[in-house]
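Subject: Structure for you to look at

Hello,

Here is the structure I said I would pass on. Please open it first, then read my notes below.

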Amino acid sequence: MPGSKLQLGAGALVLGAICALPGSAAAQQKQVTFTKDVSPILQAKCQSCHEPGSIGPMSLVTYQDARPWARSIKQRVESRQMPPWHIDRSVGVQKFKNDMSLSDEQVATIAAWVDGGALEGNPADFKAKPVNKELYWQGERDGYGPPDLVISAPMQTMPAVHQDEWWRPVNEIPVTEPRWVKMVEIRPANVEGRKILHHSIAYHILSPDNTAAVNQGVGVGRFSLSGSAAASAADLVNRRPQLMEWAIGKGYDRYAEGTGKLIMPGEKISWDQHIHAAGEAVTSASQLGIWLYPKGQEPKKRSYLVGFTGLKNGTEGLDIPPNSIAYTEGFNVLKENTAITNFQPHFHLRGKAMQVEAIFPDGRTQTISYVKDFNFNWMTNYIFADDAVPVFPKGTIIKVSAYYDNTKANKSNPDPDQWVGYGDRTVDEMAHAWMNVYYLTDEEYKDYVAKHGEGVTNGVPPRNRTQQQQQ
Ligand code: HEC
C-alpha cells in the first residue's frame, strides 16, 4: 500500500517523543478533528475547486461532504496529486508566486485525521467559508483584483457528440492608447464551458508599430516550433505572437516585475480554441482577462511567451509505438541573456514527465524545473518568485526532455494499442515547455548576477551561498 511506510515513520516518531518526554505537548496532543484541524486546510487549499458548482468532482465543504472521501483525500495529498501542484520538490526552482501546495505539516495533519478515524470533532468549531457559485478569475481570487479589460470570444455550441473542433474568431482589443499588460488569464465564459474547452490561445494581431512584440531571442534550428527564427520586418507583423496560452487547469500568466506586453489601439485577438465534445451539448467560449500597468508605471522590458520545444527532429520526430514508453528531447539556444519567469509543461494524453535543463556555454548543466507525474487534467503554470527568477547568459542551451507513457498504466490513455504521432487533437501528442522570458543587456546581466547569482539560485544571493550550493 503506498503511503504505509510514511505512516509508520510518522507513528514511530510520535511514539519516540512520548517515551522521551512523558507529559510533553506531544503526549497530550488531542485527536485531530475535521472541524478544528482539517476544515481550515480544506477551505484554504481545496474549497475553491471542491465546492458545489466548481470544477472538482465532489464538494469538500462540510464534514458530511468530505467524510466519504477521507481515504482518497489522504492518498491524493500524500502523493501530492492534490492540490494539483506537481512540480518536483527536490530539484530546480522551488519558490513560486502562485504555490497552492500543502506544507508537509498540513499533509501530516490530514493523514493523522484519516488514520485517527476521520472524526468530526465539535461542530461548534466549524467556521463555514462562503461557497462561491459564480465563475471567477483565479487572479482575482489570488488578490490581484478584477481584470481591467475582458475580451470575450463569441459563444458557440458544441454538440453532444462530435469530432474535436478549433474555433478561431477574431476580437478587437478595446484600448484607445498604447497600454502595458501586467497579467493575463483565460477562462471559459461559463461554468459549463469547463467541460469542453481543452485549450485556448489568444494570438496577438500586431500593429506595424508593435513588431518588437515578436520574440527573436531563441533559436531552435530549422525545425522551429516557437516561431522564433530570424524574420523580415514585414514578416513580423504576420507572426501573431501569443498574448496568452491557456489549457485545462492553468491559471494566469503574471509577468515578472518591470516586464510586460504592449497592446495598441486597432490591434486584435485571434483565438484558437480547441474544443471537444462532452456527451451533452454545451454553449460556451473563451474570455481573456487583462490586468494593465497603471499609466506612468510602464515596465522597462517586454515579456515573451516561448514554447521551448522538446522535439529536436521536428514534429515528424515524435513517434510513440503502441504499449511503450517513449522519450524525445529538444535543444533551444538562447541568443540573448535571458531571464525565465515560469514553467508550464504542455503535453496531451500520453505525457508523463518533462524536465527543463540549462546547458551553460561552459558546459555546466543545471535543472530549471521538473514535473515527473504530469497529469493531462492539469496544465499547471508554475510562476517563479521574483527573487528566484533564474538568468542565463547568451549561448546557453535550454534542453527539454519529454517522456511519454503509451501503456495502460497511464490512466489518461484512451487506447494503448494506438500508434501516436504529433498533432493538434487531444489523442495526438506534442511536447513543449511554455515559459515567459525577458532579455538583459550584458550590463544588466552582470548587475543581476552580482546581486542574485547566475542560474537557479532560489533567491539565495551569492554572498550567502554555501560552497555546496555553489557546486
Ligand atoms: C485547482 C482546483 C483544485 C484544487 C485546488 C484541489 N482540487 Fe482536488 N480535484 C480537482 C479536480 C478537477 C479533480 C478531478 C480530476 C483529477 O482527479 O485530477 C480533483 C480530484 C480530487 C480527488 C479525487 C476524487 C476521486 O474521484 O477519487 C480528491 C480526493 C481530491 N481532489 C482532493 C483534494 C484536496 C484534499 C484538495 C486540497 C488539499 C484538493 N483536492 C484541491 C480540483 C482541485
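How do the residues of the shell around the ligand divide into nonpolar, polar and charged? There are 12 nonpolar, six polar and two charged. Here Ala, Val, Leu, Ile, Met, Phe, Trp, Tyr, Cys and Pro count as nonpolar, Asp, Glu, Lys and Arg as charged, and the others, Gly among them, as polar.

This is a predicted model: local features need pLDDT of at least 70 and side-chain atom pairs pLDDT 80 or more, while totals for chains, interfaces and linings use all residues. Numbering starts from 1 along each chain as its sequence is written.

Around the ligand there are 20 residues (C-beta atom, placed from the backbone, within 6 Å of it). Cys46, Cys49, Gly56, Met82 and Pro83 come nearest. Helix α5 (residues 70-78) gives the largest share of the shell, four residues. Helices are DSSP runs of H or I, at least four residues, numbered from the N terminus.

The axes (lines fitted to C-alpha atoms over the stretch in contact) of helix α3 (residues 34-45) and helix α6 (residues 104-115) come within 10 Å and cross at roughly 135°. That angle makes α3 oblique to α6, as it is not under 35 degrees, over 145 or 65 to 115.

On confidence: pLDDT, the predictor's confidence in each residue from 0 to 100, averages 87 over the protein chain, and 89% of the residues score at least 70. It stays under 50 over residues 1-28 and over residues 223-230. Where pLDDT is low, the predicted coordinates should not be read in detail.

Regards

Key
Helix = DSSP H or I, 4+ residues; strand = E, 2+ residues; numbered from the N terminus. Axes fitted to C-alpha atoms, helices over the stretch in contact; angles between N-to-C directions. Contact = placed C-beta atoms within 7 Å.
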